[in-house]
Amino acid sequence: MIKYLYIIIFITSSLFCDDWSISANLHIVEVDSLFDSDGVFLGTEQNILFDTNNFLGMKSDALDGYDGAYDIPEPPHAPDRWVSLYFPHPDWQSLFGNDFTSDYRELEDLSDKVAFWDAEIVSDRQDSLISIEFDFTDSLQWPVFLKIQNESDLSISQYYRLEDDDIVELNYNT
């Protein structure tokens with residue numbers, strides 16, 4: 001199952017001129033119960049799955065479309081116990097695939113328009129709680145919103161207004 005994310009940038013000032021970026025880091029914490037061969041409970045074991053270093057933003061020297069300097073392909077995930085956030089770009093027709101861990105665009109004045117970034121979250125872990133931490137690596141002075149949709153029912157959405165270091169939790173299930 002895919003969770004669709006739409007990261008929406010609203011600019012409230014025409015003084016927009018600096019490079020900026022936002023990182024999104026995911027993790028799932030799993031707690032497994034441990035039993036011996038006779039079924040006696042031994043305790044619990046905690047596993048944490050990560051996907052870090054996901055970036056979006058605008059840079060004065062970036063290109064719209066695929067830019068080898070900034071748009072990094074999503075690395076392959078482990079065979080099991082994985083979570084992945086990526087920016088899908090089949091339109092880029094890249095030799096590295098369609099999914100990217102970063103999506104930078106050419107810097108532009110957004111004072112009279114809205115910018116959207118599409119992202120997707122996938123995992124082999126079902127019925128998990130995924131935490132997404134957003135870090136505004138540059139000082140953003142305008143509202144940033146997150147819209148989350150589930151691929152099984154696109155009519156249902158959740159919206160969040162994001163600030164630096166916000167953590168959004170979502171249930172990832174089938």
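Here are some friendly notes on a predicted model, to help you find your way around it.

1. **The nonpolar core.** A good place to start is the largest nonpolar core, which has 30 residues. Ile121, Ile130, Ile132 and Phe134 are the residues with the most contacts inside this core. At least two core residues come from each of strands S2 (20-35), S3 (41-59), S4 (83-88), S7 (114-123), S8 (128-136), S9 (144-150) and S11 (167-172). As background, nonpolar side chains tend to be buried together in soluble globular proteins.

2. **What surrounds Phe134.** Which residues does Phe134 contact, leaving aside its neighbours within four places in sequence? There are contacts with Ile22, Ser23 and Ala24, with Leu146, and with Val168. Phe134 is also in contact with the run Leu162, Glu163, Asp164, Asp165 and Asp166.

3. **A nonpolar patch on the surface.** Do look at the outside too: Val29, Val31, Ile48 and Phe50 make a nonpolar surface patch of about 380 Å². Strands S2 and S3 are the elements that give two or more residues to this patch. Val31, for one, lies in strand S2 and counts as exposed because its relative accessibility is 54%, with the cut-off at over 50%.

4. **Gly43 in strand S3.** Is Gly43, a residue of strand S3, buried or exposed? Its relative accessibility is 14%, under the 20% limit, so Gly43 counts as buried. Beyond its neighbours within four places in sequence, Gly43 is in contact with Asp32, Ser33 and Leu34. Gly43 and Asp32 are 11 residues apart along the chain, and their C-alpha atoms are separated by 8.5 Å.

5. **Asp67, a buried charge.** In the loop between S3 and S4 you will find Asp67. This residue is buried yet has no salt bridge. Where is the nearest side chain of opposite charge? That side chain belongs to Lys59, 11 Å away. Not counting residues up to four places away in sequence, Asp67 touches Asp61 and Ala62.

6. **The salt bridges.** The count comes to 2 salt bridges. One of them joins Arg105 to Asp103, with the closest N and O atoms 3.9 Å apart. Asp103 is buried because its relative accessible area is 1%, whereas Arg105, at 21% relative accessibility, counts as partly exposed. Arg125 forms a salt bridge with Asp124, where the closest N and O atoms are 3.7 Å apart. Asp124 counts as partly exposed, at 26% relative accessibility.

Methods
Residues are numbered from 1 along each chain as its sequence is written. This is a predicted model: local features need pLDDT of at least 70, side-chain atom pairs count only at pLDDT 80 or more; totals for chains, interfaces and linings use all residues. Side-chain values use heavy atoms; hydrogens and water are left out. A nonpolar core is a set of buried Ala, Val, Leu, Ile, Met, Phe, Trp, Tyr and Cys residues joined through side-chain atoms within 4.5 Å. Buried means under 20% relative accessible area, exposed over 50%, partly exposed in between (1.4 Å probe, protein chains only). Helices (H or I, at least four residues) and strands (E, at least two) are DSSP runs, numbered from the N terminus. Contact means heavy atoms within 4.5 Å. Lys and Arg count as positive and Asp and Glu as negative; His and the chain ends are not counted. A salt bridge is a side-chain nitrogen of Lys or Arg within 4 Å of a carboxyl oxygen of Asp or Glu. Patches are made of residues with over 30% relative accessible area and no salt bridge: like charges are joined within 9 Å, nonpolar side chains (Val, Leu, Ile, Met, Phe, Trp, Tyr) within 5 Å. Accessible areas come from the Shrake-Rupley method with a 1.4 Å probe; for residues, only the protein chains shown count as cover.
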